[in-house]
Amino acid sequence: MSTAPQQFPYVARDPSLGNASLAPLLPLTLFGSHSIATSGLVDSGAAINVLPYALGVQLGFAWDQQTRVVELSGSLASVEARVVVLSAVVGSFPPVRLAFGWAQTDAVSVILGQVNFFLEFDICFFRARGLFEVRPKQ
Amino acid sequence: MSLTEVLPEVQSLSRLEKIRLIQFLAHELERDDGDLIEPGRTYPISSPDRAFTAAAALLQALEEDKGQS
């Protein structure tokens, strides 16, 4: 498996906004008891990774069996979240273990934040060029 | 029309017309920038930007996960 940096394009989240809505959305596959191909917002301002509720269910997690409750902040401050740990594959990189705050809402994207996405990967943003670069930690 | 084609014509303008051209270009650039964020539109920000206690809990969960594998 490769550990050379891989580049990904910024993606328009709202076609009506065009350039103003470009965001670093990273395609990745999450593995629970099922695997799901999805994409996550690479968000250096987020303290933690966040998993929306429906995606957690699709991955096979049962809400009541997750006993570690965590508090989110920002616009998610009122949303209950529980800790889940799962495997993820980005591009052709080796799989990593990612911990998520599994939020009890679907009004949020998959967020890839400081703990622990940014502990596993080095990221360079080239917003003016509309791309970002990812590589496993060295 | 390319910049190379326009420049000779710009050079032939009077001083006053050049100043007006600068003002016009500055206005155009400002308008382009303003289009990036539209007034009245909602721009959601969902970053849990101060969830440090949650971050500590996730790190603890990862340590436990590492111990199990």
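**What Ala54 of chain B touches**

Visitor: Which residues does B:Ala54 touch in this model, leaving out those up to four places away in sequence?

Guide: In this predicted model, B:Ala54 touches A:Ala47, A:Ile48, A:Val70, A:Glu71, A:Leu72, A:Ala81, A:Gly101 and B:Pro48.

Visitor: What makes A:Ile48 and B:Ala54 count as touching?

Guide: The cut-off is C-beta atoms within 7 Å, placed from the backbone. A:Ile48 is on the list for B:Ala54, so that pair meets the cut-off.

Visitor: Why is B:Ala54 called part of a nonpolar core?

Guide: Membership takes a buried residue of a listed nonpolar type, Ala included, joined through C-beta atoms within 7 Å. B:Ala54 is among the residues with the most contacts inside the largest such core, along with A:Ile48, A:Val50, A:Leu51, A:Ala103 and B:Leu58. Therefore B:Ala54 counts as buried. That core has 42 residues, and its largest share, 6 residues, comes from E8(A).

Visitor: How many residues does each chain bring to the contact?

Guide: Chain A brings 28 and chain B brings 20. On chain A, strands E7 (69-71), E8 (80-90) and E9 (96-103) each supply at least two.

Visitor: What makes 4 residues on chain A's side count as charged?

Guide: Asp, Glu, Lys and Arg count as charged, so those 4 are of these types. The rest of that side divides into 15 nonpolar and 9 polar.

Visitor: And how does chain B run from the N terminus on, in terms of elements?

Guide: As α-α-α, with 3 helices and 0 strands. Of its 69 residues, 14% are buried.

Terms used
Residues are numbered from 1 along each chain as its sequence is written. Chains are lettered from A and ligands numbered from 1 in the order in which they are written. This is a predicted model: local features need pLDDT of at least 70, side-chain atom pairs count only at pLDDT 80 or more; totals for chains, interfaces and linings use all residues. Two residues are in contact if their C-beta atoms, placed from the backbone, lie within 7 Å. Helices (H or I, at least four residues) and strands (E, at least two) are DSSP runs, numbered from the N terminus. A residue is buried if 20 or more other C-beta atoms lie within 10 Å of its own, exposed if 12 or fewer, and partly exposed in between; C-beta atoms are placed from the backbone.
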